[in-house]
Amino acid sequence: SIVTEILPDAMHVATSELLIPENCETPIAANLTFTHPHGAQVSAELDFRKEGDQFWNIAIETDQGSLELSEGGATLSINGETQTAASADNVLQGEYPRLYANMARLVRGRAIDMDLSPMAHVADAF
């Protein structure tokens with residue numbers, strides 16, 4: 001999870017609203033708010049009902065500026081200025097080459113890099 005990586009202190013689920021249809025056993029949408037010991041306002045909106053082009057965006061506002069990760073991690077903007085963006089020649093520019101390089105390093109070293117805190121947030125949402 002990006003947010004658990006960038007925040008220096010743990011956050012905890014404060015409220016959760018889960019949409020679970022009668023014919024399903026798992027949520028198809030969720031709205032979450034979190035508490036943070038230093039007052040950071042953190043929320044998440046997840047909705048798997050979207051039709052058409054699928055996307056995810058992460059917007060972060062801090063006292064030092066803003067950051068937006070969009071187009072599935074292909075585009076990074078800081079304070080409204082694009083830092084990196086995928087192109088027709090390189091659709092994997094940005095986050096994915098670094099992820100794959102790190103995965104290769106972990107496999108070669110027979111190591112793991114795991115953050116269980118996102119799973120705790122999922123459990124707390126229920």
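This is a short walk through a predicted model, from its overall build to a few single residues.

Start with the whole chain. The protein has 126 residues, and 18% of them count as buried. Its secondary structure comes to 3 helices and 7 strands. Read from the N terminus, the order is α-β-β-β-β-β-β-β-α-α. One helix therefore comes before the strands, and two helices come after them. Contacts across the sequence can also be counted. Take those between residues at least 6 apart in sequence: 27% of them join residues at least 24 apart. The accessible surface of the protein is about 9800 Å². Carbon and sulfur atoms account for 54% of that surface.

Now turn to the interior. In soluble globular proteins, nonpolar side chains tend to be buried together. Which residues form the largest nonpolar core here? There are 7 of them: L7, M11, V13, L32, F34, V42 and A125. Take V13 as a way in. Neighbours within four places in sequence are set aside here. V13 is then in contact with T33, F34, H121, D124 and A125. Two of these partners, F34 and A125, are also listed in the core. The strand β1 covers residues 12–19, β2 covers 29–35, and α3 covers 117–125. V13 falls within β1, F34 within β2 and A125 within α3, by those ranges.

Next comes the empty space. Rolling a probe the size of a water molecule over the atoms shows where empty space is left. The largest pocket holds about 1800 Å³. It is lined by 45 residues. Those nearest its centre are S43, A44, E45, L46 and I58. Which elements supply at least two residues each to the lining? They are α1 (2–6), β1, β2, β3 (42–47), β4 and α3. The largest share, 6 residues, comes from β3. By type, the lining divides into 28 nonpolar, 10 polar and 7 charged residues.

I58 deserves a closer look, as one of the residues nearest the centre of that pocket. It lies in strand β4, which spans residues 58–62. Is I58 buried or exposed? Neither: its relative accessibility is 26%, so I58 counts as partly exposed. Beyond its neighbours within four places in sequence, I58 is in contact with I2, L67, E68 and L69. L76 is 18 residues away from I58 in sequence. In space, the two C-alpha atoms are 9.7 Å apart.

S70 sits in the following strand, β5, at residues 65–70. S70 has a relative accessible area of 12%, under the 20% limit, so S70 is buried. Not counting residues up to four places away in sequence, S70 touches W56, N57 and T75.

Finish with two loop residues. N79 is found in the loop between β6 (75–78) and β7 (81–84). R110 has its place in the loop between α2 (95–108) and α3. N79 is not a glycine, but has a positive phi of about 50 degrees. R110 is not a glycine either, and its phi is also positive, at about 50 degrees. How accessible are they? N79 has a relative accessible area of 47%, so N79 is partly exposed. R110 reaches 80% relative accessibility, over the 50% limit, and therefore counts as exposed.

Methods:
Residues are numbered from 1 along each chain as its sequence is written. This is a predicted model: local features need pLDDT of at least 70, side-chain atom pairs count only at pLDDT 80 or more; totals for chains, interfaces and linings use all residues. Side-chain values use heavy atoms; hydrogens and water are left out. Helices (H or I, at least four residues) and strands (E, at least two) are DSSP runs, numbered from the N terminus. Buried means under 20% relative accessible area, exposed over 50%, partly exposed in between (1.4 Å probe, protein chains only). Contact means heavy atoms within 4.5 Å. A nonpolar core is a set of buried Ala, Val, Leu, Ile, Met, Phe, Trp, Tyr and Cys residues joined through side-chain atoms within 4.5 Å. Accessible areas come from the Shrake-Rupley method with a 1.4 Å probe; for residues, only the protein chains shown count as cover. On a 1 Å grid over the protein atoms alone, a cavity is a set of points where a 1.4 Å probe fits but cannot get out, and a pocket is an open set with protein on both sides within 12 Å along at least five of seven lines; lining residues have an atom within 4 Å of a point. Grid points are joined across faces, edges and corners, and a volume is the space filled by probe spheres set on the points. Ala, Val, Leu, Ile, Met, Phe, Trp, Tyr, Cys and Pro count as nonpolar, Asp, Glu, Lys and Arg as charged, and the others, Gly among them, as polar.
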